[in-house]
Structures are given as C-alpha cells and as structure tokens.
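Me: I'd like to walk through this model with you before I set anything up. Could you keep the answers plain?

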Amino acid sequence: MNFVQMKTIELTKLLQRAVNEADELPLSPAELRFYTALHEALDDYEEAMQTGKPPLERRCLICKQPLKYCCC
C-alpha cells in the first residue's frame, strides 16, 4: 500500500484501526503516550470536520494545561 497516495479518509481509518488494535496490546509507557496522543488527534480532527472549526486549544496529557502554559 502506498501511504503517500492515500486519501485523508483512508488514512484516518487506518490510524483509527491502529489505535483500536493497540488497546488490546501490552504497551510500554512511551507507546501508551504515543497512542493516547494519536487517539486525541484523531478525535480533534473528527470534531473539526464535523463542526468546521479547529479545536480551541491543545492541552498537555499530564497536567491538562494549555500547551503554552505547560511546565511538565
């Protein structure tokens, strides 16, 4: 499969499938953070496509503060 030529909808489905399959695997802390960030990014993208607006602010996964105020 040539990922460069994939349509956006195909790519998001592929990424969503990877996130769903990762839920069933034992993951290291780094892998867990990666898949959590990917899951949140896919949720933000889906929301932006439905509402036509980008998400308000990205937040830190640890302290939940907006990224510009994060000190983790």
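Me: Where does C60 lie relative to α2 (29-51)?

Reply: C60 lies in the segment after α2, the helix that covers 29-51. Please keep in mind throughout that this is a predicted model.

Me: And is C60 buried or exposed?

Reply: C60 counts as buried, because its relative accessibility is 9% and the cut-off for buried is under 20%.

Me: Which residues does C60 touch, leaving out those up to four places away in sequence?

Reply: With those sequence neighbours set aside, C60 touches Q65, L67, C70 and C72. As for C71, its C-alpha atom is separated from that of C60 by 9.3 Å, with the two residues 11 apart along the chain.

Me: OK, pockets. What volume does the largest pocket have, and which residues line it?

Reply: The volume of the largest pocket is about 200 Å³, and its lining includes C60, the buried cysteine we have just discussed. The other lining residues are A37, E40, D44, E57, R58, R59, L61, K64 and L67, and of these L67 is also one of the residues that C60 touches.

Me: How does that lining split by class?

Reply: Six of the lining residues are charged and four are nonpolar, while no polar residue takes part in the lining of this largest pocket.

Me: Switching topic, how many aromatic pairs are there?

Reply: There is one aromatic pair in the structure, and it is formed by F34 and Y35, whose rings are 5.1 Å apart centre to centre with 75° between the planes, an edge-to-face arrangement.

Me: Why does F34 count as exposed, and what about Y35?

Reply: F34 counts as exposed because its relative accessibility is 51%, and the cut-off for exposed is over 50%. Y35, with a relative accessible area of 25%, is partly exposed.

Me: Where is N20, and how far is its C-alpha atom from that of H39?

Reply: N20 is in helix α1, which spans residues 8-22, and it is partly exposed with a relative accessible area of 39%. The C-alpha atoms of N20 and H39 are separated by 8.9 Å, and the two residues are 19 apart along the chain.

Me: What about the chain overall, how many helices and strands, and what share is buried?

Reply: The chain has two helices and zero strands, and 11% of its 72 residues count as buried. Its accessible surface comes to about 6,200 Å², with 58% of that belonging to carbon and sulfur atoms. Among contacts with a separation of 6 or more, 21% are between residues 24 or more positions apart.

Methods
Residues numbered from 1 in each chain as written. Predicted model: local features only at pLDDT ≥ 70, side-chain atom pairs only at ≥ 80, totals over all residues. Heavy atoms only, no water. 1 Å grid on protein atoms, 1.4 Å probe; cavity = no way out; pocket = protein on both sides within 12 Å on 5 of 7 lines; lining within 4 Å. Points joined across faces, edges and corners; volume = space filled by probe spheres on them. Nonpolar A, V, L, I, M, F, W, Y, C, P; charged D, E, K, R; others polar. Phe/Tyr/Trp six-rings, centres within 6.5 Å; stacked < 30°, edge-to-face > 60°. Buried < 20%, exposed > 50% of the residue type's maximum accessible area, 1.4 Å probe, protein only. Helix = DSSP H or I, 4+ residues; strand = E, 2+ residues; numbered from the N terminus. Contact = heavy atoms within 4.5 Å. Areas by Shrake-Rupley, 256 points an atom, 1.4 Å probe, with all protein chains shown as cover.
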